[in-house]
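Trainee: I would like to learn how to read the contacts between chains in a model. Where should we start?

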4 protein chains.
Amino acid sequence: MIKDQLRQQRIETPSWAYGNSGTRFKVFAQQGVPRDPYEKLADAAQVHRYTGVAPTVALHIPWDKVDDYADLARHATEQGVTIGAINSNVFQDNDYMLGSVTHPDPEVRRKALRHLLDCVDIMDATGSDTLKLWFSDGTNYPGQDDIRARQDRLAEALAAVYERLGEEQRFLLEYKLFEPAFYMTDLPDWGTAYAHCLKLGPKAQVVVDTGHHAPGTNIEFIVAFLLREGKLGGFDFNSRFYADDDLMVGAADPFQLFRIMFEVIGGGGYTNETAFMLDQCHNIEPKIPGQIRSVMNVQEATAKALLVDRDALAVAQREGDVLGANAVLMDAYNTDVRPLLGELREEMGLAPDPMAAYAKSGYFEKIAADRVGGNQAGWGA
Amino acid sequence: MIKDQLRQQRIETPSWAYGNSGTRFKVFAQQGVPRDPYEKLADAAQVHRYTGVAPTVALHIPWDKVDDYADLARHATEQGVTIGAINSNVFQDNDYMLGSVTHPDPEVRRKALRHLLDCVDIMDATGSDTLKLWFSDGTNYPGQDDIRARQDRLAEALAAVYERLGEEQRFLLEYKLFEPAFYMTDLPDWGTAYAHCLKLGPKAQVVVDTGHHAPGTNIEFIVAFLLREGKLGGFDFNSRFYADDDLMVGAADPFQLFRIMFEVIGGGGYTNETAFMLDQCHNIEPKIPGQIRSVMNVQEATAKALLVDRDALAVAQREGDVLGANAVLMDAYNTDVRPLLGELREEMGLAPDPMAAYAKSGYFEKIAADRVGGNQAGWGA
Amino acid sequence: MIKDQLRQQRIETPSWAYGNSGTRFKVFAQQGVPRDPYEKLADAAQVHRYTGVAPTVALHIPWDKVDDYADLARHATEQGVTIGAINSNVFQDNDYMLGSVTHPDPEVRRKALRHLLDCVDIMDATGSDTLKLWFSDGTNYPGQDDIRARQDRLAEALAAVYERLGEEQRFLLEYKLFEPAFYMTDLPDWGTAYAHCLKLGPKAQVVVDTGHHAPGTNIEFIVAFLLREGKLGGFDFNSRFYADDDLMVGAADPFQLFRIMFEVIGGGGYTNETAFMLDQCHNIEPKIPGQIRSVMNVQEATAKALLVDRDALAVAQREGDVLGANAVLMDAYNTDVRPLLGELREEMGLAPDPMAAYAKSGYFEKIAADRVGGNQAGWGA
Amino acid sequence: MIKDQLRQQRIETPSWAYGNSGTRFKVFAQQGVPRDPYEKLADAAQVHRYTGVAPTVALHIPWDKVDDYADLARHATEQGVTIGAINSNVFQDNDYMLGSVTHPDPEVRRKALRHLLDCVDIMDATGSDTLKLWFSDGTNYPGQDDIRARQDRLAEALAAVYERLGEEQRFLLEYKLFEPAFYMTDLPDWGTAYAHCLKLGPKAQVVVDTGHHAPGTNIEFIVAFLLREGKLGGFDFNSRFYADDDLMVGAADPFQLFRIMFEVIGGGGYTNETAFMLDQCHNIEPKIPGQIRSVMNVQEATAKALLVDRDALAVAQREGDVLGANAVLMDAYNTDVRPLLGELREEMGLAPDPMAAYAKSGYFEKIAADRVGGNQAGWGA
């Protein structure tokens with residue numbers, strides 16, 4: 001039963017995870033990094049090949065701009081994956097220095113909105129049903145711009161995008177506490193994203209990036225709350241010790257990841273359309289194995305969350321048995337689920353250890369040799 | 001003009017600020033502390049006498065329970081003040097160890113709700129139009145109780161209270177990140193409070209306690225957002241360097257207080273029914289002067305916010321002049337408004353320096369001598 | 001081998017964990033709570049009886065003041081435990097409102113120092129070799145007192161205590177970011193404690209309370225650093241999601257506890273005199289089971305840390321294999337060590353599940369019935 | 001008297017503040033940005049021309065690498081400024097992906113050390129007496145490398161650099177909580193930097209970057225403590241709302257800047273060799289005016305700190321007058337010191353408003369026109 005549920009899990013990897021990335025101090029180049037969206041999809045297909053649960057790949061526009069999106073989608077299918085969410089990018093053009101859809105200049109706002117609508121066109125062309133909206137918009141200094149006027153502009157842009165969505169399409173609205181805006185961010189928290197989505201309707205939902213919160217925020221509370229409201233659209237998974245560190249999901253606080261998955265399952269988010277997406281930078285670790293490890297970390301947390309004896313838990317909770325209820329939860333968390341997942345993979349015709357299987361495959365040696373010359377894809381490219 | 005606006009400001013002081021208070025480590029007793037609600041009101045009246053802008057006093061039930069609320073209200077009037085918000089307390093009874101309105105046991109929930117409805121009765125009796133709802137409800141350990149079920153229980157209780165409110169009454173819903181719950185708080189942030197209020201209707205609004213946020217939270221953003229939504233009911237003012245330190249408002253970050261007041265004014269919150277309430281503990285400083293200083297701090301921040309040249313600011317913002325726009329704001333902040341406020345007080349028939357005037361009045365010496373014996377009022381009493 | 005090391009672990013429980021405790025909002029009374037230090041020791045002995053690794057009990061003076069300390073030590077021995085660290089308390093007297101050893105008034109400083117020296121007398125009488133020094137000293141408002149002068153006063157008091165220590169005695173100096181001081185704490189971080197200890201000599205060491213750090217602090221780094229310097233005296237274990245929440249150790253971030261134990265072992269802190277002490281409040285969970293669970297949590301983290309394949313780790317680190325090195329660590333963390341610990345307990349003649357064994361013992365029912373009347377011991381009593 | 005002290009203040013600006021900079025998301029190019037170190041010095045000279053208190057300029061190696069440092073120093077003198085601290089950079093070479101002086105590979109460590117020693121050569125060539133050492137070294141994942149071994153390597157490198165310093169030279173050791181390392185930073189806090197400097201001797205001192213601390217850290221405490229120990233070497237000034245935001249100093253929390261300057265003055269740091277350096281990124285505001293504003297902000301904070309009536313403060317502190325002592329401090333902070341600084345500038349032969357004077361000078365228009373073509377200097381160039 002648990003294995004059935006685990007078998008059906010779908011974790012989306014992002015095309016940009018396969019290119020170089022870094023911090024503001026340095027982007028370290030790696031060997032064999034893809035040079036175009038086609039190569040990114042090929043790499044993403046490797047992750048699915050060894051894990052069996054990563055069949056879709058998110059794109060970032062314009063980083064993944066191509067002339068023929070139908071052709072790109074075909075290429076994906078040939079590799080064994082499909083195109084997932086389309087991520088819009090309105091933060092890397094010089095015009096966006098003071099904002100995109102919230103910019104004081106209506107000309108810039110129009111340009112940004114045009115890009116967002118173009119992304120819906122790409123959804124139509126690729127068959128993607130999900131648009132992910134993240135805005136770096138905000139200000140660095142008190143007084144720099146009018147907080148409230150920027151909300152008006154944001155609402156206007158969101159309404160225009162919402163209007164353009166097709167029947168089977170939705171957008172996920174992402175919030176982030178800070179960075180790159182350092183005084184005020186126009187969508188800083190789940191409450192702001194929720195309020196905007198609520199006004200627009202069912203095709204607008206909130207996406208939770210696990211690295212985008214203030215210190216001390218209880219993320220699983222937000223997850224439970226948004227599920228109760230029908231407004232949890234999905235996750236951008238990654239992990240952090242400090243700010244938006246974008247480390248591999250589950251690397252910093254595996255217990256938190258487990259608690260999040262526990263709420264997802266309890267709130268019905270596992271079987272509905274909640275999207276499990278990775279969004280992390282591999283600054284110093286190799287790209288493909290970094291994604292494989294991350295997918296495995298999400299699987300392990302999910303397996304543990306599925307193991308919780310919810311009946312026993314409900315009894316302990318009802319009786320006010322603080323230690324007992326906590327023990328039921330910890331009992332699942334403390335279980336070593338790796339053998340179970342190894343079995344599942346073998347039942348799925350996969351090697352029990354995806355990391356070892358990929359390492360043995362020779363794929364890395366091949367791309368390292370083949371992909372010499374050309375421009376490596378990277379953060380911003 | 002600015003003086004006219006300052007003259008109309010109303011800052012509410014809380015009855016519990018006049019009693020002893022402290023931390024979990026120690027409550028330090030002070031001289032002359034009131035022994036009953038009548039004496040608390042007398043002390044609060046002193047703050048109004050010297051500042052001229054603190055004409056109302058918040059009560060806390062059951063700390064301020066009396067047999068005859070109409071008599072208490074009369075006493076207040078005789079002292080020159082009136083009863084402000086009624087604050088409910090569902091956290092100091094043994095039954096509330098695992099929650100009040102969100103407790104797993106329906107019996108406890110009923111008891112808590114009864115108390116909340118009693119508070120509305122007290123509003124009727126005292127003429128108060130505002131009920132402040134803060135719940136300490138939450139859990140200390142993962143698994144201890146069901147996050148979502150607790151939201152259902154919370155919603156149910158809030159609806160019952162909302163239903164009971166009279167035409168001219170409202171409730172303000174308070175959120176707090178943590179303490180005394182240390183894993184999950186049922187109302188941890190403005191988004192949660194907002195979502196509940198939105199469903200209930202116009203008589204439910206959010207109250208912002210300036211000490212109840214995660215590190216790094218931009219409070220003025222929340223203020224601007226809630227005003228845009230018509231959902232900012234008021235403030236619990238205090239200040240903090242770390243957590244919910246409950247220091248005197250303006251003591252830790254006067255620039256933040258200024259930015260908050262700037263958004264209040266810009267968002268129309270100064271002239272509507274937004275309540276400016278103090279809620280702080282004077283652990284080590286004398287009570288009445290502590291409140292006087294706090295009222296003055298709010299006044300100074302307000303005066304500076306009123307001084308901002310909003311036309312010049314709008315021009316700089318429109319032109320994308322980052323340094324110029326910031327400079328307009330800072331110009332007001334850097335102005336010394338104490339002479340202006342001194343003048344205003346003299347025009348109001350008050351001494352220009354309320355701290356000095358109170359110190360000279362002999363009131364402290366009188367209460368220190370008179371109030372010997374009896375039980376000092378304090379946190380929890 | 002690992003079992004041998006686990007068998008030798010010694011975890012000290014604190015006498016105050018058996019009494020009532022709470023937050024500033026409410027102390028919830030529990031059934032069967034001890035009424036004097038003798039009953040506290042009896043309860044602590046239960047924890048040792050079922051875990052086999054908690055043979056010492058820390059005292060808090062004056063909370064555990066008795067007329068005849070030799071008699072108390074004898075009573076402890078009869079119960080199967082011995083007296084551990086003596087914890088001084090210079091924060092619950094009215095005189096200490098503005099500080100103890102750093103107070104501006106030399107009279108108060110002398111009083112505080114006298115208490116500290118009395119604690120060394122109690123060490124002599126009980127055979128305790130460790131004095132734990134925590135000071136709540138600090139200020140709430142900028143300007144309130146002179147930061148540097150307070151350091152001078154602190155240094156003077158510490159030197160006087162150091163001077164008084166016997167050959168085989170030491171003191172552990174505790175730091176804490178904030179609370180109950182909310183602007184400036186005189187010993188806010190490990191650097192301050194370290195600098196003072198360094199000047200005094202080898203009998204002064206730093207104690208790390210795992211709940212006393214700023215958000216984001218890497219505690220295991222501090223542990224590794226202090227061990228390298230020979231200045232790690234011990235731990236006050238507990239856990240937190242927000243501030244100094246004093247939850248059961250391992251409850252909030254079991255991965256962090258594992259990382260800490262990993263550094264302890266690698267730095268030689270497991271076999272030297274580093275003290276593993278619990279210091280946590282059981283606000284809502286029953287006392288004795290709360291301590292048993294906490295001892296088990298430390299054991300489990302220790303077992304996992306002992307399981308790390310340090311040779312494989314060193315190879316991966318040397319080769320710059322980021323994912324490989326991390327995987328070696330996680331492999332140990334993901335292991336379920338509960339069966340191993342169950343075996344160990346059986347080899348020690350104990351029940352494999354201490355929680356179940358205690359629950360079945362009838363001890364709670366006995367104390368709940370016996371300890372009616374008298375004053376329950378509690379935080380501050 | 002206060003004007004005399006203000007006249008002698010020296011605030012160093014960094015060469016890299018005049019080039020483009022940004023976040024990991026985007027570096028926005030600006031008009032007229034310098035294309036080489038010579039042009040950077042010319043721009044820095046503008047800041048000194050209008051403020052009169054910024055006569056030195058910090059270099060960053062290799063960003064400011066030139067063939068002939070003596071010639072560069074001469075050029076500086078011609079512009080009216082001199083070379084200040086030399087900042088080493090061991091974070092932007094591919095070899096440093098896993099560390100520089102703490103890298104597991106001794107070859108990389110040797111390369112990094114060589115660079116540091118080269119920087120001392122440049123000090124000899126330029127007459128600079130200060131080397132600033134910041135290391136991005138750390139790890140992203142638990143287990144990635146050995147925390148303690150990295151401390152050994154760090155200590156070894158620091159000793160080698162210390163050894164190489166001339167009689168009149170010193171190094172300032174910088175700490176930072178996180179970024180670009182996201183799990184463990186080898187020099188994360190002042191305590192670590194202090195401990196290393198202490199072992200080396202008087203030519204090693206700690207530098208406090210005001211943006212490099214955990215949330216809630218009391219920076220002025222660290223300043224007071226390091227001054228008491230004779231170990232405060234200087235400041236890297238900037239400001240932050242969240243993490244290491246590198247905003248203009250004084251922009252986020254002017255009260256904190258005032259408190260820091262108050263401790264500097266009280267601890268004797270104003271008249272000794274404590275260096276006041278700016279280190280901030282102007283991501284969206286124009287470079288030269290951004291530096292001018294920052295210098296003015298430091299001046300204003302200094303002026304207010306000098307205004308504190310220290311005699312009255314000492315009396316209030318001695319008497320335990322919490323509100324009175326705080327009021328003495330706030331009285332200075334609330335004073336508008338801009339007229340005083342305007343007067344001072346006029347006495348120095350400068351325009352009273354440096355921002356306006358620079359804007360009128362036509363310098364920006366000239367460099368915007370002249371500096372077309374070539375490679376703009378920027379973060380990392």
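Mentor: With salt bridges, which take a cut-off: a side-chain nitrogen of Lys or Arg within 4 Å of a carboxyl oxygen of Asp or Glu. Keep in mind that this is a predicted model.

Trainee: How many salt bridges does the rule find across the interface of chain D and chain A?

Mentor: The rule finds 6 salt bridges there. One of the pairs joins A:R24 to D:D244, and its closest N and O atoms lie 2.8 Å apart. On the side of chain D that touches chain A, 9 residues are charged, 7 are polar and 26 are nonpolar.

Trainee: And how many residue pairs are in polar contact across the interface of chain D and chain A?

Mentor: There are 15 such pairs, with both residues at pLDDT 80 or more.

Trainee: How is the size of an interface often given?

Mentor: Often as the accessible area lost when the parts come together. Between chain D and chain A, the area buried is about 4,000 Å², and carbon and sulfur atoms give 64% of that. Three residues, D:R24, D:F25 and D:Y141, supply 23% of the area that chain D buries against chain A, more than any other three residues. In terms of contact, chain D contributes 42 residues and chain A contributes 42 residues.

Trainee: What area do chain D and chain C bury between them?

Mentor: About 4,100 Å², with 62% of it on carbon and sulfur atoms. On the chain D side, D:R148, D:F221 and D:R228 lose the most area to chain C, together 17% of what that side buries. The contact takes 51 residues from chain D and 51 residues from chain C.

Trainee: By what turn can chain D be laid on chain C?

Mentor: A turn of 180°, with a shift of 0.0 Å along the axis, lays chain D on chain C with an RMSD of 0.0 Å. The two copies are therefore related as by a two-fold rotation axis. D:G191 is the residue of chain D that comes closest to that axis, its C-alpha being at 2.0 Å. The same surface serves both copies, since 100% of the contact residues of chain D recur in chain C.

Trainee: How many salt bridges and polar contacts does the rule find across the interface of chain D and chain C?

Mentor: It finds 4 salt bridges and 16 residue pairs in polar contact, both residues at pLDDT 80 or more. One salt bridge is formed by the side chains of C:E229 and D:K199, at 2.8 Å from N to O. Several elements of chain D each supply at least two residues of this side, among them α5 (147-164), α7 (219-228) and α8 (254-266). α6(D) gives the most, with 8 residues. By class, the side of chain D that touches chain C has 25 nonpolar, 13 polar and 13 charged residues.

Trainee: Now for a single residue within a chain. Is B:I86 buried or exposed?

Mentor: The cut-off for buried is under 20% relative accessible area. B:I86 has a relative accessible area of 0%, so this residue is buried. B:I86 sits in strand β3 (residues 82-88) of chain B.

Trainee: Which residues does B:I86 touch, not counting residues up to four places away in sequence?

Mentor: They include B:I61, B:C119, B:I122, B:M123 and B:L131. B:L59 is also one of them. B:L59 is 27 residues from B:I86 in sequence, yet the C-alpha atoms of the two are 5.1 Å apart in space.

Definitions and conventions:
Residues are numbered from 1 along each chain as its sequence is written. Chains are lettered from A and ligands numbered from 1 in the order in which they are written. This is a predicted model: local features need pLDDT of at least 70, side-chain atom pairs count only at pLDDT 80 or more; totals for chains, interfaces and linings use all residues. Side-chain values use heavy atoms; hydrogens and water are left out. Contact means heavy atoms within 4.5 Å. Buried area is the accessible area (1.4 Å probe) that two parts lose on being put together, summed over both. A polar contact is a pair of N or O atoms within 3.5 Å; within protein, one must be able to donate a hydrogen and the other to accept it, and residues adjacent in sequence count only if both atoms are side-chain atoms. Ala, Val, Leu, Ile, Met, Phe, Trp, Tyr, Cys and Pro count as nonpolar, Asp, Glu, Lys and Arg as charged, and the others, Gly among them, as polar. Helices (H or I, at least four residues) and strands (E, at least two) are DSSP runs, numbered from the N terminus. Buried means under 20% relative accessible area, exposed over 50%, partly exposed in between (1.4 Å probe, protein chains only). Copies are superposed by least squares on the C-alpha atoms of residues with pLDDT of at least 70 in both.
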